[in-house]
Amino acid sequence: MAETAQLVGQGNFHVKMHDTDAQDELGTVTRAFNTMVENLDLYMARTKASMEKEQQMMERELLMENHLKEAQLKYLQSQINPHFLYNTLDAIRTQALVQRAPDVAEMVLVLATLFRISIRREMIVSIADELEYCQSYLKLYALRYGDLLSFGFDVDPQIRPYSIPKLLLQPLIENAVVHGIDPLREGNVIQVCGRMAGGDIEILICDNGNGMDEQQLTALRTELAQQTGRPGAHIGISNVNQRIKLIYGAAYGVSIRSIRGAGTEIRVQLPARAVEEMKRYV
């Protein structure tokens, strides 16, 4: 008994005294001792498990804290880089004005405006904000092409407060610029129109470029219907169509009308939803 008690004192809770059914004092002490050792063993096991769990929690908290610090550092870096670039563009613009190159200064100003808008973190913006970006984008090309390109916006003020996914229209306008502008001729026109159509919003992007023949138009329409983006000439249109359907459903998207030699019309159909509603939804 003394030897067993000594082992328990050294921290060994897996030992037991020889149990006995005797009802005398020795039997009572033996059973009480064995019960005490079992309880101590159970207590120590629970204490160990609790300490291990606490240690794991501390390690996870430390890991989360490290990840948080890393994320904060990356966030600060992401703020510094755009700020630096924006200041650089402003310095270039100032230098262009000093060198009496107003066209260059204006192009840099428009580019800085595009950059400022594009780095905003919102996924959903108002149609008014999206149109501001599109106007700056087209202005940059108008400065490049001079009198060869003109553009216009005819958008119902009623739709301007409604929501639209950020940078949704830019690929469509880029398509109109790339495929609808002939730098060898005058009179290139790109027109952006917007209006309510029932309970939906309809935005049209039209150009008076070369347009597409029936075969090209059929192939593009098939691609849009299949919702499969392929690396081709009009992948931007297909991607915009997929974004719309992903967010709003199959009832919405992009449709195309085009006549060879007469230009192309890209029609975007969206539901009329408020910006805050869509931010919560997305």
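The following paragraphs lead the reader through this structure, from the confidence of the model to its strands, charged pairs, cysteines and aromatic rings.

The model is predicted. The protein chain has a mean pLDDT of 77, and 67% of its residues reach 70 or more. This confidence varies among the elements of the chain: helix α1, which covers residues 2-9, has the lowest mean pLDDT, at 50, whereas β5 has the highest, at 95.

The strands offer a convenient place to begin. Strand β2 (residues 149-155) pairs with strand β4 (residues 188-197) in the parallel sense, and 7 bridges join the two. Within this pairing, F153 has V192 of β4 as its bridge partner. Strand β4 also pairs with strand β5 (residues 200-207), here in the antiparallel sense and over 8 bridges. One bridge of this second pairing sets C193 against L204 in β5. The hairpin of β4 and β5 has 2 residues between the strands, and G198 takes a positive phi near 70° there.

A further hairpin is formed by β6 and β7. Strand β6 (residues 253-259) and strand β7 (residues 263-271) run antiparallel and are joined by 7 bridges. Among the partners in this pairing are S258 and, in β7, T264. Between these strands lie 3 residues, and in this hairpin G261 takes a positive phi near 85°.

The charged side chains come next. The structure holds 3 salt bridges. Two of these involve E202. The side chains of E202 and R195 meet at 2.5 Å, N to O, and E202 also forms a salt bridge with R267, in which the closest N and O atoms are 2.4 Å apart. The pair of E202 and R267 links distant parts of the chain, since E202 lies in strand β5 and R267 in strand β7, 65 residues apart. Taken together, R195, E202 and R267 are linked in a network of salt bridges.

Which members of this network are buried, and which are partly exposed? E202 has a relative accessible area of 9%, and it therefore counts as buried. R195, by contrast, is partly exposed because its relative accessibility is 40%. R267 has a relative accessible area of 25%, so this residue is partly exposed as well. Another salt bridge joins the side chains of E265 and R257, at 3.7 Å, N to O. R257 counts as exposed because its relative accessibility is 57%.

The cysteines pose a question of their own: why do C193 and C206 not form a disulfide? The sulfur of C193 has its closest cysteine sulfur in C206, at 5.5 Å, which is too far for a bond. The reverse also holds, because the closest cysteine sulfur to that of C206 is the one in C193, at 5.5 Å. The count for the structure accordingly comes to 0 disulfides. C193 itself is buried, because its relative accessibility is 18%.

The aromatic rings complete the picture of side-chain contacts. A search of the whole structure finds 4 aromatic pairs. One of them is formed by Y141 and Y145, whose ring centres are 6.3 Å apart and whose planes meet at 10°, so the pair is stacked. Both residues lie in helix α4 (residues 127-145), where they are 4 residues apart, about one turn of the helix. Y141 counts as buried because its relative accessibility is 17%, and Y145 is buried because its relative accessible area is 19%. Another aromatic pair, that of Y248 and Y252, is edge-to-face, with 6.3 Å centre to centre and 65° between the planes. Y248 has a relative accessible area of 9% and is therefore buried; Y252, at 16% relative accessibility, counts as buried too. Returning to the tyrosines described before this pair, Y137, Y141 and Y145 form one aromatic cluster.

A last stop is E276, which lies in helix α8 (residues 275-281). Its relative accessibility is 48%, so E276 counts as partly exposed. The C-alpha atoms of E276 and Y162 are separated by 9.4 Å, while the two residues are 114 residues apart along the chain.

Technical notes:
Residues numbered from 1 in each chain as written. Predicted model: local features only at pLDDT ≥ 70, side-chain atom pairs only at ≥ 80, totals over all residues. Heavy atoms only, no water. Buried < 20%, exposed > 50% of the residue type's maximum accessible area, 1.4 Å probe, protein only. Disulfide = S-S within 2.5 Å. Phe/Tyr/Trp six-rings, centres within 6.5 Å; stacked < 30°, edge-to-face > 60°. Pairing = 2+ DSSP bridges. pLDDT = per-residue confidence, 0-100. Salt bridge = Lys/Arg side-chain N within 4 Å of Asp/Glu carboxyl O.
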